[in-house]
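User: I'd like a close look at the enclosed space in this model, please. Take in the open pockets and the helix packing as well.

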Amino acid sequence: MENSRNRGKNTGDDSLFGSEKQLNKLKSAVQDMQYLLSRGFAEKASSELVGNHYRLKTRQIQAVRGASASENQIQNRKSKQLTISDLNNKTVYLDGFNILILLESLLSEAYIFEGVDGCFRDLSGVFGTYKRVNQTLVSIEWVATFFKKAKVEKLVWVFDKPVSNSGRIKQIILDFAKENHLNWEVELEFNPDKFLVENAEITVSSDAWILDHCRNWFNLAGYLIDEEKLPVNLVKMFNDEFI
C-alpha cells in the first residue's frame with residue numbers, strides 16, 4: 001500500500017478558497033444557509049439555493065454544506081462536546097475514516113474548513129476504496145499523542161467494513177498499537193455511523209449526522225490544532241458575530 005500519494009489540494013482549490021473575495025462569498029453563503037436550515041429548509045434545497053445565488057462551484061458548495069448547521073444543531077452539538085479532561089480513564093470510540101482522512105488532509109496542506117459548530121472538515125472522502133497515503137502513519141501517531149495526553153483508558157477505532165482496504169488499515173493500526181503498547185481496538189462495521197451512535201458513550205468524529213445523534217463527542221482536530229499547534233491551511237467559514 002506504499003505509494004507517493006497525499007491528500008493535498010485539488011488543482012484550482014487556491015482560486016476557490018484562497019482569495020479574500022471568495023472567502024467573503026463563502027462566509028455569506030454559510031450565513032444564509034444557517035438562516036434557511038434554522039427555519040426548517042432541507043439541506044439539499046438550501047445548498048442549491050445558496051449555491052445558485054452566489055454562483056458557487058461544486059467544491060465550494062461542498063465546503064459550505066459541511067460548514068453549515070441550524071441554530072438548534074449548533075446548540076445541541078455544543079451541549080454534548082467534551083473537554084480533554086472528560087476523557088480521562090474513559091473508553092473512547094473514534095470514527096476511523098472520518099478522522100484519519102481529516103488528519104491526512106490537514107498534514108497534506110489541503111484546505112481545512114472550520115464550520116459554525118466549531119468542527120473541522122475536509123473535502124476528501126472515501127468512495128468505496130481507502131488508499132493509504134504518505135501522511136497515514138503520521139496521522140495515526142497524532143492520534144496516539146492525543147490518546148496518551150488525554151489518559152484515555154481504551155480507544156476503539158471504527159471503520160466501514162464495505163470499504164475496500166478497511167481490513168488492511170485495521171492491521172496497520174493494530175500493529176502500531178502493539179509496537180507502542182497502546183490499548184487500542186479496531187472494529188469493522190457495516191454501518192459505522194449507526195454503530196457509534198448506539199454504542200459509544202464518547203465519540204471522536206466531525207460527521208454532522210453523528211454529532212447530531214451521539215451521546216457525547218470530542219473535537220480531536222480542534223484539540224490538535226490548538227494544543228499541539230499543528231500547522232493548518234485553515235478556512236474559517238463564518239464571522240464570529242454570526243455564531
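Analyst: **Cavity, pockets and helix packing**

One cavity of 30 Å³ or more is present in the structure; a cavity is a set of points on a 1 Å grid, over protein atoms alone, where a 1.4 Å probe fits but cannot get out. The model is predicted, so to speak with its own filters: local features need pLDDT of at least 70 and side-chain atom pairs pLDDT 80 or more, while totals for chains, interfaces and linings use all residues. Residues are numbered from 1 along each chain as its sequence is written, and side-chain values use heavy atoms, without hydrogens or water.

The largest cavity holds about 40 Å³ of space, a volume being what is filled by probe spheres set on points joined across faces, edges and corners. Its lining (residues with an atom within 4 Å of a point) consists of I99, L102, C119, F120, V204, S205, S206, F218, N219, L220 and A221. By class, eight of these residues are nonpolar, three are polar and none is charged (Asp, Glu, Lys and Arg are charged; Ala, Val, Leu, Ile, Met, Phe, Trp, Tyr, Cys and Pro nonpolar; the others, including Gly, polar). Two elements each give the lining at least two residues, α6 (96–107) and α11 (220–227); helices are DSSP runs of H or I with at least four residues, strands E runs of at least two, numbered from the N terminus.

Both of those helices also pack against α7 (residues 136–149), so let's follow them there. The axes of α6 and α7 lie 9 Å apart at an angle of about 115 degrees (axes are fitted to C-alpha atoms over the stretch in contact, and angles run from 0 to 180 degrees between N-to-C directions). That is why α6 and α7 count as roughly perpendicular, the range for which is 65 to 115 degrees. In this contact (heavy atoms within 4.5 Å), α6 brings L100, L103, E104 and L107, while α7 brings T136, V138, S139, I140, W142 and V143. Seven residues of the α6–α7 contact are nonpolar, two polar and one charged.

For α7 and α11, the angle is about 85 degrees and the axes are 11 Å apart, and therefore these two are roughly perpendicular as well. Here W142, V143, F146 and K149 of α7 meet L220, Y223 and L224 of α11, with six nonpolar residues, no polar and one charged. L220 also lines the largest cavity.

Now for the pockets, which are open sets with protein on both sides within 12 Å along at least five of seven lines. The largest has a volume of about 760 Å³. Of its 30 lining residues, N98, R121, D122, S206 and D207 are the closest to its centre. Elements giving two or more residues to this lining include α6, α4 (58–67) and β3 (120–121). The lining has 12 nonpolar, eight polar and 10 charged residues. The second largest pocket, about 210 Å³ in volume, is lined by 14 residues, with G8, N10, R59, L123 and S124 nearest its centre.

Note on methods:
Angles under 35 degrees count as roughly parallel, over 145 as roughly antiparallel, 65 to 115 as roughly perpendicular and the rest as oblique.
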